[in-house]
Amino acid sequence: MTPSVGTIDVQPALTPPAGAATTGGPRDHRHRLPRAKSATSLTPISGLGLGIALTWFSLLVLIPLAAVLVQASAGGWSAYWEALSSPQTLAALELTVGQAVLVTAVNIVMGTTIAWVLVRDQFAGKQLLEVVIDIPFALPTIVAGLVLLSLYGPSSPLGVNWANTPVAVFLAFLFVTLPFIVRTVQPVLLELEQEVEEAAASLGASRFTTFRLVILPSLAPAIASGAALSFCRAISEYGSLVLLSGNLPYSTEVASVRIMSSVEGDHLTEAAAVASILLVVALIVIITLDLISRRVARYA
Amino acid sequence: MHETSGHRVMRWALRLIVIGYLFFLVIWPVALVAAKTFAGGLAPVINALRQPEVIFAFQLTLSAAFWAVVINTMFGVGISLLLVRYTFPGRRALNAMVDLPLSVSPVVVGLALVLVYSGRTGWLGEGIEQAGFQVIYAPPGIIMATAFVSLPLVIREVVPVLTEIGTEQEQAARSLGASALQTFGRITLPAIRWGLLYGVVLSLARSLGEFGAVKIVSGGVAMRTQTATLLVEERYQQFGVVNSITAYAAAFILALIAVIALIIITSLRPGRGRSR
């Protein structure tokens, strides 16, 4: 291969604010080390590309998210704490986290079961179920709310009316998080060697023992990352609840709705305080997922 | 492996549980919305969709989604190439950070953009407004919010493909004298085209349906900044048959687009994992 010309060794630090990275250009010729250049170091053009990409990413994502944290801390710790510890906010956070945990638990069981059936079972219409699984992901959230209202709302053909109750929050979370565990477990299950299970069975392991000792450990990382995504999605859900849950304080008001009403009331610091909690949880999930995928890659 | 009767019962039980679960959670509710939309026949639906507010909302949604997808495609391909083909300090952090928008609540996205770009209180908003641009409560804000929430979708599709195809062909092209641009156009782009197309369709579906973030940054004024999803919310909450039909008709169109996108995606990728 041709050695790339003008390779840069050192790219400016990536974290500082926008614009900093764009100055990295072709200034580093004199820094060339005697050892051969790695083929993967940045060229001037790719360095410029990285600069532009980081500038846009900072303007769109990093600076605004940082602004949330700054705004949340604008009034100092006491104001931050006060915003979070108002009974209404606490009730909203409690409802959100509680229902998200519950929904994630249901998803761990149902998502794994659905993935199992989709991979190991054969029946007419299975292809249709594949599409059905992804509908909650593709459907606009406001439409998802309308959809759930039609079966579980006031004019339900089932005769139930769960609109404006905490059950509505549970249903909405369950709907929007449906694909996550299915879609993370399914590919792993496809790759799993059926011979290993057969070997376990032929050595006298019962179906349940095989599942517990052979299949479950290989699925665990996929289930864990799907569960993390599903929890994260649930606590941040907004659109599907607007029409469905009635947004009643102390009863069906979730964290996102609380943030929305603070924004609409122009209480930006309060909104940012609650938002900061959601952001930190999102960050923790991202880091956990990164660690899980690294661990899996190491054992693969 | 020979199947005992116990296994067969188990298999049928699991199958029924899964079908029942999906029927009550997704299939029946979605079918009910379709039925409700056309309960009064086709004419009221068409009339509802011909209202100027509805046409405007869909036009705004389409154009915002279009620009968001264009931006995300260029950015996504660029970032994917950088993440896969190059090493630089902070690459791992960037790799994890690009997934962040998928985990952030749309409401937080809206709030974050308002805090920076609002003309009244934003960090950068005042300067931008003095330069003659309005971001918040205007189409640029809607495009930014939409681009934010769908940002990782192209990257997540392109990165695995780029990793899998390796660099041999690209290196061969370069050593035969092709420029970087030629190599990209003749080798890399054709190799990633299906992954890229999949990512684009996914982004488009997500962009058309964005609600929470757009609600905060747009203000949702009819005929000015009201997108299709915001229209559904407003009309559903108003009284009257016409409003209700309008909400259902607009929701039906959005759902239809989503399902078509899904079918395109599923057919682009027949049998997950077959390409391996």
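## Two domains in chain A

The domain assignment, which is automatic or taken from a database, splits chain A into domain 1 (20–72) and domain 2 (78–299). Taken over C-alpha atoms, the centres of domain 1 of chain A and domain 2 of chain A sit 35 Å apart. Their contact draws on 5 residues from domain 1 of chain A and 8 residues from domain 2 of chain A; two residues count as in contact if their C-beta atoms, placed from the backbone, lie within 7 Å. On the domain 1 side, that makes 4 nonpolar, 1 polar and no charged residues. Here Ala, Val, Leu, Ile, Met, Phe, Trp, Tyr, Cys and Pro are nonpolar, Asp, Glu, Lys and Arg are charged, and the others, Gly among them, are polar.

## What you're looking at

This is a predicted model, where local features need pLDDT of at least 70 and side-chain atom pairs count only at pLDDT 80 or more, while totals for chains, interfaces and linings use all residues. Residues are numbered from 1 along each chain as its sequence is written, with chains lettered from A and ligands numbered from 1 in the order in which they are written.

## Confidence

Chain A has a mean pLDDT (the predictor's confidence in each residue, from 0 to 100) of 84, and 86% of its residues reach 70 or more. Residues 1–36 of chain A are another story: pLDDT there is below 50, though the stretch has 67 contacts in the model beyond near neighbours in sequence. Where pLDDT is low, the predicted coordinates should not be read in detail.

## Helices and fold

Chain A has 12 helices and 0 strands, taken as DSSP runs (H or I, at least four residues, for helices; E, at least two, for strands) numbered from the N terminus. As for burial, 45% of the 300 residues in chain A are buried, meaning 20 or more other C-beta atoms, placed from the backbone, lie within 10 Å of a residue's own. Of the chain A contacts with a separation of 6 or more, 75% link residues 24 or more positions apart.

Helix α1(A) has 29 residues and spans 39 Å from first C-alpha to last, close to the 42 Å expected at 1.5 Å a residue, counting one less than its number of residues. It bends by about 50 degrees at S58(A), the angle being between axes fitted to the seven residues ending there and the seven starting there.

## Meeting chain B

Between the chains, 78 residues of chain A are in contact with 73 residues of chain B. Helix α1 (residues 44–72) of chain A gives the largest share of the chain A side, 14 residues. By class, that side has 57 nonpolar, 16 polar and 5 charged residues.

Conventions
Buried ≥ 20, exposed ≤ 12 C-beta atoms within 10 Å, placed from the backbone.
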